[in-house]
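User: Please examine one part of this structure closely, and then explain the setting in which that part is found. I am a first-year student, so a connected account would be most helpful.

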Amino acid sequence: MKERLQKNRPHAHKMYFAPSCSGRDSRGTNRTVSFHAYPYTNTGQVGVTGSYANSKKQVEVPCGPLTPVLQDLFPRIDFLSLDVEGAEYLVMSNLDLDAIHIDVIIVESRNHDCMEVCEKREKVRKIFQ
């Protein structure tokens, strides 16, 4: 599966961490978050998405903010599409929009976990106000 994804997206930047936390904890230790162990790439973070709530297995994933990664890869970003299975607010709340230049950001705001009324969507909107 991984090889097929890489072949279909030759210019994609692959990140092997979850950009949904601020990085180190209060003791300076690198943080991890739990993800549902699911055989495909669209799995979700435990406690964030309900899609995989029946999943019994979990895997610990290193996490940290997306800002330094984007700064290292791109001096300027024309278009950023964010679809992270319900963790959009966690990623956006750790993204320093003053430190990186992004012309257009599109953030998934409606899915089966977040329909008409959705607190997470409203939190993301407030970041852009």
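Analyst: A polar contact is a pair of N or O atoms within 3.5 Å; within protein, one of the two must be able to donate a hydrogen and the other to accept it. The term is needed for serine 34, the part chosen here, in what is a predicted model. The side chains of serine 34 and glutamate 60 are joined by a polar contact of 2.3 Å, a value that falls within the 3.5 Å limit.

Serine 34 belongs to strand 1, which covers residues 32–36. When neighbours within four places in sequence are set aside, its contacts are Gln45, Val46, Gln58, Val59 and Glu60. Glu60, the partner in the polar contact, therefore also appears in this list of residues with heavy atoms within 4.5 Å.

The wider setting of strand 1 is a protein chain with 4 helices and 4 strands. Along the sequence these elements follow the pattern α-β-β-α-β-α-β-α. Of the contacts between residues at least 6 apart in sequence, 65% join residues at least 24 apart. The chain has 129 residues, and 30% of them are buried. Its exposed surface is about 9,000 Å², of which carbon and sulfur atoms supply 51%.

The interior may be considered next. In soluble globular proteins, nonpolar side chains tend to be buried together. The largest nonpolar core in this model has 13 residues, and those touching the most other members are Leu66, Leu70, Met92, Leu95 and Ile102. Strand 3 (77–82), helix 3 (88–93) and strand 4 (102–107) are the elements that give two or more residues to this core. Strand 3 gives the most, with 3 residues. Apart from this core lies another, of 6 residues, including Ala18, Val33, Phe35 and Cys63.

Methionine 92, one of the residues touching the most other members of the largest core, repays a closer look. Leaving aside neighbours within four places in sequence, methionine 92 is in contact with Leu82, Leu97, Ile105, Val107, Val124, Ile127 and Phe128.

Glutamate 119 provides an example from the surface. This residue lies in helix 4, which spans residues 119–127. Glutamate 119 is classed as exposed because its relative accessible area is 58%, and the cut-off for that class is over 50%. Its C-alpha atom is separated by 9.8 Å from that of tyrosine 89, although the two residues are 30 apart along the chain.

Methods. Residues are numbered from 1 along each chain as its sequence is written. This is a predicted model: local features need pLDDT of at least 70, side-chain atom pairs count only at pLDDT 80 or more; totals for chains, interfaces and linings use all residues. Side-chain values use heavy atoms; hydrogens and water are left out. Buried means under 20% relative accessible area, exposed over 50%, partly exposed in between (1.4 Å probe, protein chains only). Accessible areas come from the Shrake-Rupley method with a 1.4 Å probe; for residues, only the protein chains shown count as cover. A nonpolar core is a set of buried Ala, Val, Leu, Ile, Met, Phe, Trp, Tyr and Cys residues joined through side-chain atoms within 4.5 Å.
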